[in-house]
Amino acid sequence: MSRLEKFQPRTHPDFMSGYLDALTLVERLHRLLLDVIKDEFERVGILEINSVQGLLLFNIGDHEVTAGELKSRGYYQGSNVSYNLKKLVDCGYMHHQRCEIDRRAVRVRLTAKGREVRDVVESLFKGHADGIRHTGVLSDAGLVEIVGTLRRVERYWSDQIRYIY
């Protein structure tokens, strides 16, 4: 029995097929984004950090956060945040400092070197946004619709996790 056949009694097969295509596309787009960032880093000579770390620097921006906040604020999606933070601190892209109140927590913020990488990623994203808009790949209304749809799926999945226990 195929994966699709298992769900036919509960879900219309065309919808299920489209849903699985959407899941695959979301995953593929994320990996492609990391490849695009990696290529840009190679082009500009940023070789000591990877695209995941560069995206983390971009997401932190001008904020000062704890490691725990990186996930809760959506700045980091991976599972090995400690490794990536240590590497970014060791390479001089981030400052870290123990919290005054809770000595177990460490607050991090970008150094000047980290802000340079953030600016490279921001410039890359601005170029993409301009290109996508001006070539007609996506309109303003289309972008609003995609973001709204993805937020509804995010809420649905979050509710599934929340109410499972």
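Contact here means that heavy atoms lie within 4.5 Å of each other. With that in hand, let's walk through this predicted model, starting at a loop residue and working back into the helices.

Leaving aside its neighbours within four places in sequence, D62 is in contact with R115 and R118. D62 itself sits in the loop between α3 and β1 (65-66). Is D62 buried or exposed? Its relative accessibility is 67%, and exposed means over 50%, so D62 counts as exposed. The side chain of D62 also reaches the side chain of R118 in a polar contact of 2.8 Å.

Now look at the other partner in that pair. R118 belongs to helix α6 (residues 112-134). Buried means under 20% relative accessible area, and R118 counts as buried because its value is 12%. Which residues does R118 touch, once its neighbours within four places in sequence are left aside? They are L57, F58, G61, D62 and L110.

Two of those names, L57 and F58, take us into helix α3, which spans residues 51-60. At the N-terminal end, α3 is capped by N50, which places a side-chain oxygen 3.0 Å from the backbone nitrogen of V52. Just after the helix comes G61, with a positive phi near 55°. G61 is also one of the residues that R118 contacts.

How many of the 10 residues of α3 are buried? Seven are, and α3 is mostly covered. The buried residues are S51, Q53, G54, L55, L56, L57 and I60.

Next, follow α3 to another helix. Two packed helices are described by the angle between their axes and the distance between the axes. For α3 and α5 (residues 81-90), the axes come within 10 Å and cross at roughly 80°. Angles of 65 to 115 degrees count as roughly perpendicular, and therefore α3 is roughly perpendicular to α5. On the α3 side, the contact is made by V52, Q53, L56 and L57, while α5 supplies Y83, N84, L85, K87 and L88. Sorted by character, the residues of this contact divide into six nonpolar, two polar and one charged.

L57 is a handy residue to keep in view: it takes part in the contact with α5, it is buried, and it is in contact with R118 as well. K87, one of the α5 residues in the helix contact, lets us place the loop relative to that helix. The C-alpha atoms of D62 and K87 are separated by 19 Å, with the two residues 25 apart along the chain.

Note on methods:
Residues are numbered from 1 along each chain as its sequence is written. This is a predicted model: local features need pLDDT of at least 70, side-chain atom pairs count only at pLDDT 80 or more; totals for chains, interfaces and linings use all residues. Side-chain values use heavy atoms; hydrogens and water are left out. Axes are lines fitted to C-alpha atoms, for helices over the stretch in contact, and angles run from 0 to 180 degrees between N-to-C directions. Helices (H or I, at least four residues) and strands (E, at least two) are DSSP runs, numbered from the N terminus. Angles under 35 degrees count as roughly parallel, over 145 as roughly antiparallel, 65 to 115 as roughly perpendicular and the rest as oblique. Ala, Val, Leu, Ile, Met, Phe, Trp, Tyr, Cys and Pro count as nonpolar, Asp, Glu, Lys and Arg as charged, and the others, Gly among them, as polar. Buried means under 20% relative accessible area, exposed over 50%, partly exposed in between (1.4 Å probe, protein chains only). A polar contact is a pair of N or O atoms within 3.5 Å; within protein, one must be able to donate a hydrogen and the other to accept it, and residues adjacent in sequence count only if both atoms are side-chain atoms.
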